[in-house]
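Colleague: Mind if I pick your brain about this model? I'd like to go through the rings, a helix and the pockets.

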Amino acid sequence: MRALLASLALSLALPMTAMASGDGDLAEADDIVRLPGQQAAARPERMPLPGSPPGDKPKRLVPGGVLIISFDANGDGVISPEELREGISAAFTQADANGDGQISALEQQAWAASFPVRDDTLANPVRFDPNLDRIVTYEEFYTVILQLAAQYQDSAGNITAASLTAPDKPEKEDRRFAQGGGPRGEGSPGGPQR
């Protein structure tokens with residue numbers, strides 16, 4: 001019994017010792033159990049667009065928008081088909097942290113967390129793994145990004161940064177009106193009065 005208690009005390013003391021010593025391994029191991037989007041929860045959802053004037057209000061982006069904007073190599077606010085292809089290749093290389101030619105769910109989540117703007121679409125491992133074999137190949141990655149980008153391409157295959165902006169979320173008051181409610185303190189017409 002004493003050996004069991006000593007073993008338990010040691011197993012509890014080691015993590016505390018590692019935390020007290022500033023060993024970062026535990027903090028990194030903790031990230032493994034986080035769900036997609038949790039690592040990025042404290043990061044902003046908005047960013048200034050390339051080519052926008054200094055001091056311009058940051059914009060909300062469509063799902064995958066932060067990734068597609070990162071493909072704008074020359075910073076002109078337009079992602080050409082060539083920039084898209086080169087960007088997808090560079091993004092895959094960046095996401096494939098161990099260089100084995102495939103992306104695991106953990107690699108994908110770490111890659112998505114590296115963006116300056118929160119984008120849960122990029123952190124979702126199922127999004128990039130259509131056959132659900134838990135491994136994202138270059139072909140799967142390339143196809144998914146092309147499908148995502150196709151939603152925003154013009155007839156020439158270009159994507160403008162402006163087409164990647166999402167509408168602003170309505171304020172809480174506006175949402176209530178959109179759902180058929182009235183201002184605070186007013187009931188719906190003909191409804192019971194309290």
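Modeller: Sure. First a term we'll need: rings of Phe, Tyr and Trp (its six-membered ring) pair if their centres lie within 6.5 Å, and planes over 60 degrees apart count as edge-to-face. Keep in mind that this is a predicted model.

Colleague: Okay, which residues do ring pairs link into a cluster?

Modeller: A search of the whole structure turns up seven aromatic pairs. Ring pairs join several residues into a cluster, and its members are Phe92, Trp111, Phe115, Phe128, Tyr138, Phe141 and Tyr142.

Colleague: Take Phe92 and Phe141: how many residues apart in sequence are the parts that this pair ties together?

Modeller: The two rings sit 5.5 Å centre to centre with 65° between the planes, which makes the pair edge-to-face. Phe92 belongs to helix 4 (residues 81-95) and Phe141 to helix 7 (residues 138-150), so the parts the pair ties together are separated in sequence by 49 residues.

Colleague: Are Phe92 and Phe141 buried or exposed?

Modeller: The cut-off for buried is under 20% relative accessible area. Phe92 comes out at 6% relative accessibility, and Phe141 at 1%. So Phe92 is buried, and Phe141 is likewise buried.

Colleague: And Trp111 with Phe115, what is the angle between the planes?

Modeller: Trp111 is buried, with a relative accessible area of 4%, and Phe115 is buried too, at 9%. Their rings form an edge-to-face pair, 5.3 Å centre to centre, and the angle between the planes is 80°.

Colleague: Back to helix 4. How wide an arc do its buried residues cover around the axis?

Modeller: Helix 4 has 15 residues and reaches 21 Å from its first C-alpha to its last, close to the 21 Å expected. Its buried residues are Glu83, Leu84, Gly87, Ile88, Ala91, Phe92 and Ala95. They lie on the same side of helix 4, because the arc they cover is only 165°.

Colleague: Which residues are exposed on the other side of helix 4?

Modeller: To count as exposed, a residue needs over 50% relative accessible area. On the other side of helix 4, the exposed residues are Glu86 and Thr93.

Colleague: Last one: which residues are the closest to the centre of the largest pocket?

Modeller: The largest pocket has a volume of about 240 Å³. Its lining divides into six nonpolar residues, one polar and five charged. Of the 12 residues that line the pocket, the closest to its centre are Leu61, Val62, Pro63, Arg118 and Asp119.

Definitions and conventions: Residues numbered from 1 in each chain as written. Predicted model: local features only at pLDDT ≥ 70, side-chain atom pairs only at ≥ 80, totals over all residues. Heavy atoms only, no water. 1 Å grid on protein atoms, 1.4 Å probe; cavity = no way out; pocket = protein on both sides within 12 Å on 5 of 7 lines; lining within 4 Å. Points joined across faces, edges and corners; volume = space filled by probe spheres on them. Nonpolar A, V, L, I, M, F, W, Y, C, P; charged D, E, K, R; others polar. Phe/Tyr/Trp six-rings, centres within 6.5 Å; stacked < 30°, edge-to-face > 60°. Helix = DSSP H or I, 4+ residues; strand = E, 2+ residues; numbered from the N terminus. Buried < 20%, exposed > 50% of the residue type's maximum accessible area, 1.4 Å probe, protein only. Expected span 1.5 Å × (residues − 1). Arc of directions from axis to C-beta.
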